[in-house]
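Reader: Could you take me through how to read the surroundings of a ligand, and the empty spaces in a protein model, step by step?

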Amino acid sequence: MKHIIESQQFNQKLINEIFSIADKLENKTDNSCKGKIMVSLFYEPSTRTRFSFESAMLRLGGSVITTENAKEFSSAAKGETIEDSIRVINNYADVIILRHFEEGASQKAAAVSKIPVINAGDGVGQHPTQALLDLYTIKRELKKINGIKIALVGDLKNGRTIRSLAYLLGKYKNVKIYFVSPKDLRVGEDIKKYLNRHNTYYKEIEDLKSIIKEIDVLYQTRIQKERFKTEKEYKKFKGCYKIDLTLVKQMKPKSIIMHPLPRVDEILPEVDNSPKAVYFKQTHYGLFIRMALLKMILKN
Ligand code: CP
């Protein structure tokens with residue numbers, strides 16, 4: 001594992017190894033990254049991904065240098081290309097955590113980088129470390145991944161987290177995926193082709209209520225205002241799926257509700273105290289997954 005760019009690069013053996021290391025790191029500190037420096041280079045806003053990677057590196061005994069708004073406060077503002085920035089940062093650090101507004105930016109960065117690049121979200125492309133922590137959450141909460149029924153809900157056209165998670169789910173047996181979205185926000189053809197190749201069952205629907213009683217995981221996502229060209233276009237879809245307690249009461253007793261966060265209005269706060277609501281636990285699991293990834297990628 002030189003770089004982490006997309007979910008397709010992982011197989012079950014590697015995923016199990018990451019999960020096993022994450023299990024061991026839970027609520028622990030460790031000095032395996034002592035003397036190493038991580039750059040968090042973020043061209044788009046973030047709460048979870050940046051802070052959890054930075055916390056992970058510090059908990060592994062390493063150090064962090066960061067720009068939280070590289071679009072404005074790095075030399076990108078003066079016209080520097082991503083490739084040139086990466087070539088230069090190679091002189092200062094041992095690993096780069098990159099969030100960028102352009103799909104494919106991590107590939108471009110990895111192509112010129114001698115040190116590992118970890119994709120922390122590239123536009124409407126992928127967010128592979130989020131998908132790993134999502135899968136880990138499912139494993140921890142349901143004790144299985146094979147055979148689950150999952151609804152991926154919301155803006156599936158622009159949502160990079162559901163794209164990366166769908167790619168990972170395609171590696172498991174007897175998983176049933178319901179893509180729940182308005183017609184204009186359907187999941188990309190690339191995902192459907194991949195799932196067809198892997199004989200993974202999926203169905204595209206608009207009505208969440210029609211499958212609410214049979215799913216094990218409700219994975220809700222935000223309608224992403226920043227991906228729409230106009231406010232008017234965004235408002236067409238805003239609020240199209242809202243999870244409230246009435247809906248939650250129809251779910252199976254041991255089912256869970258996940259969300260990559262941030263949320264806006266798509267899960268009502270009244271749901272937060274339900275034992276099914278694991279979206280804040282999900283952020284906690286993410287810390288150990290990111291510790292495991294840094295430990296593995298920096299081991300040489
Ligand atoms: N889930 C996620 O990527 O959150 P942030 O945008 O806060 O990093």
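Author: Let us begin with the ligand, bearing in mind that this is a predicted model. The residues around the ligand are Ser-46, Thr-47, Arg-48, Thr-49, Arg-99, His-127, Gln-130, Pro-260 and Leu-261.

Reader: How do the residues of that shell divide by class?

Author: The shell around the ligand consists of two nonpolar, five polar and two charged residues.

Reader: Which polar atoms of the protein lie beside the nitrogen and oxygen atoms of the ligand?

Author: One looks for pairs of N or O atoms within 3.5 Å. In this model an oxygen atom of the ligand is 2.6 Å from an N or O atom in the side chain of Thr-49, while a polar backbone atom of Pro-260 is 2.9 Å from a nitrogen atom of the ligand. For Leu-261 the partner is again in the backbone, where an N or O atom lies 3.1 Å from a nitrogen atom of the ligand. As for cover, the ligand taken alone exposes 250 Å², and the protein buries 92% of that.

Reader: Where does the ligand sit with respect to the pockets, and how should I think about such spaces in general?

Author: Rolling a probe the size of a water molecule over the atoms shows where empty space is left. Here the ligand sits in the largest pocket, whose volume is about 490 Å³. That pocket is lined by 22 residues, and those nearest its centre are Arg-99, Arg-160, Arg-222, Leu-261 and Pro-262. Two or more lining residues come from each of the elements α2 (48-59) and α7 (160-169). By class, the lining of the largest pocket has four nonpolar, ten polar and eight charged residues.

Reader: How many cavities of 30 Å³ or more does a search of the whole structure find, and which residues line the largest cavity?

Author: The search finds one cavity of 30 Å³ or more, and about 80 Å³ of space lies in the largest cavity. Its lining comprises 13 residues, among them Ile-223, Gly-239, Tyr-241, Asp-265 and Glu-266, which lie nearest the centre of the cavity. Sorted by class, the lining of this cavity has five nonpolar, four polar and four charged residues.

Reader: What should I note about the backbone at Pro-262 and at Asn-27?

Author: For the backbone, one reads the torsion angles. A cis peptide bond, with omega about 5°, joins Leu-261 and Pro-262, and Pro-262 is found in the loop between β9 (256-258) and α11 (279-297). Asn-27, although it is not a glycine, has a positive phi of about 55°, and this residue is found in the loop between α1 (12-25) and β1 (37-42).

Notes:
Residues are numbered from 1 along each chain as its sequence is written. This is a predicted model: local features need pLDDT of at least 70, side-chain atom pairs count only at pLDDT 80 or more; totals for chains, interfaces and linings use all residues. Side-chain values use heavy atoms; hydrogens and water are left out. A residue is near a molecule or strand if one of its heavy atoms lies within 4 Å of it. A polar contact is a pair of N or O atoms within 3.5 Å; within protein, one must be able to donate a hydrogen and the other to accept it, and residues adjacent in sequence count only if both atoms are side-chain atoms. Accessible areas come from the Shrake-Rupley method with a 1.4 Å probe; for residues, only the protein chains shown count as cover. On a 1 Å grid over the protein atoms alone, a cavity is a set of points where a 1.4 Å probe fits but cannot get out, and a pocket is an open set with protein on both sides within 12 Å along at least five of seven lines; lining residues have an atom within 4 Å of a point. A molecule sits in a cavity or pocket if more than half of its atoms lie within 2 Å of its grid points. Ala, Val, Leu, Ile, Met, Phe, Trp, Tyr, Cys and Pro count as nonpolar, Asp, Glu, Lys and Arg as charged, and the others, Gly among them, as polar. Grid points are joined across faces, edges and corners, and a volume is the space filled by probe spheres set on the points. Helices (H or I, at least four residues) and strands (E, at least two) are DSSP runs, numbered from the N terminus.
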